Amino acid sequence: TDYQTIKVERRDRVAIVTLNRPEALNALNLTVMQETVAATTELDRDPSVGAIVITGSAKAFAAGADIKEMAPKSYMDVYLDDWFAAWDRLAQLRTPTIAAVSGYALGGGCELAMICDILIASDTAKFGQPEIKLGVIPGIGGSQRLTRAVGKAKAMDLCLTGRNMDAAEAERAGLVSRVVAADQLLDTAIEVAQTVAGMSLPIAMMAKEAVGRAFETTLAEGIRFERRLFHSTFATDDQKEGMAAFVEKRPATFTHR
Ligand code: HXC
């Protein structure tokens with residue numbers, strides 16, 4: 001498929017989606033949203049894809065929602081279109097997603113990175129929710145995901161002052177999975193994606209679903225959910241293969257069944 005604002009590449013079982021609106025620091029306009037959702041939804045349905053990397057440019061992962069596109073909108077425009085709701089579909093993907101963030105990840109850019117399962121940042125990354133400076137608040141889950149990721153102290157600080165966090169602060173706060181040198185970012189993200197994609201896809205989906213449940217439910221219910229999923233892993237060929245490979249001292253070859 002030909003996209004205007006993103007590029008999609010494949011490397012074995014890994015797909016790489018690159019936001020590509022350099023003239024606007026990858027600001028997330030309607031086209032970027034539609035193309036990113038369409039591309040990732042299609043990749044999610046493809047069992048030969050074991051992990052999806054989402055990245056931007058060296059200067060910007062994404063500098064937020066497109067302010068010029070939003071500026072003239074009325075309440076009725078955004079309410080009736082349910083503006084930004086399509087991004088929720090990214091959180092519904094079952095395939096593991098990895099954000100590779102360099103440069104600005106502000107507003108919607110930070111929110112998009114936080115939707116991903118693993119967040120790898122370059123040492124140049126800057127995270128923030130500067131919406132308040134524009135007279136709005138986060139609209140793609142920032143007030144909720146940031147608070148769950150880093151706690152009230154940092155989330156309130158960022159959402160109320162609009163200041164940015166650098167990569168080191170973001171790592172200390174627990175927002176990012178790993179920080180790497182800028183020139184290592186994409187290689188590291190792809191390597192992580194390849195590791196994940198080398199696991200059994202259905203088991204990786206269950207692991208993702210189980211961790212995700214921690215954000216939606218009580219501890220007792222979450223543990224119960226995990227236990228039932230754990231039991232169901234014994235219905236897969238890949239559990240038989242994974243354990244047999246260990247016993248036989250050889251690498252496992254998963255069939256994703
Ligand atoms: C539209 C944007 C943009 C954005 C940058 N550009 N961010 N266009 N929407 N979010 C455009 C600029 O207008 C400019 O276009 C070009 O990209 C390069 O940006 P510069 O500002 O010249 O670059 P620089 O001086 O390096 O500054 C980088 C920056 C700054 C600090 C990231 O661009 C910035 O503050 N951007 C806005 C960040 C922001 O507020 N994001 C949150 C958006 S609200 P021209 O044509 O002039 O060259 C949001 C809400 C989510 O995400 C949901 C709730 C509503």
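Start by selecting T36: this residue is buried, at a relative accessible area of 0% (buried means under 20%, exposed over 50%, partly exposed in between, with a 1.4 Å probe and protein chains only). The model you are looking at is predicted, so local features need pLDDT of at least 70 and side-chain atom pairs pLDDT 80 or more, while totals for chains, interfaces and linings use all residues. Residues are numbered from 1 along each chain as its sequence is written, and side-chain values use heavy atoms, leaving out hydrogens and water.

Now show helix α1, residues 30-44, which holds T36 (helices are DSSP runs of H or I, at least four residues, numbered from the N terminus). The T36 side chain reaches the backbone oxygen of V32 at 2.6 Å. Leaving aside residues up to four places away in sequence, T36 touches I6, L19, W87 and L90 (heavy atoms within 4.5 Å).

Next, select helices α5 (108-115) and α6 (142-161). They pack at an angle of about 55 degrees, their axes 10 Å apart (axes are lines fitted to C-alpha atoms over the stretch in contact, and angles run from 0 to 180 degrees between N-to-C directions). The pair is therefore oblique (not under 35, over 145 or 65 to 115 degrees). To see the contact, pick E111, M114 and I115 of α5 with G142, R145 and L146 of α6.

Finally, visit the segment after α11 (237-247), where you will find K249. K249 is exposed, at 79% relative accessibility. Its phi is positive, about 55 degrees, although K249 is not a glycine. Most residues other than glycine have a negative phi. H256, also in the segment after α11, has a positive phi of about 60 degrees and is not a glycine.

Terms used: Helices (H or I, at least four residues) and strands (E, at least two) are DSSP runs, numbered from the N terminus. A polar contact is a pair of N or O atoms within 3.5 Å; within protein, one must be able to donate a hydrogen and the other to accept it, and residues adjacent in sequence count only if both atoms are side-chain atoms.
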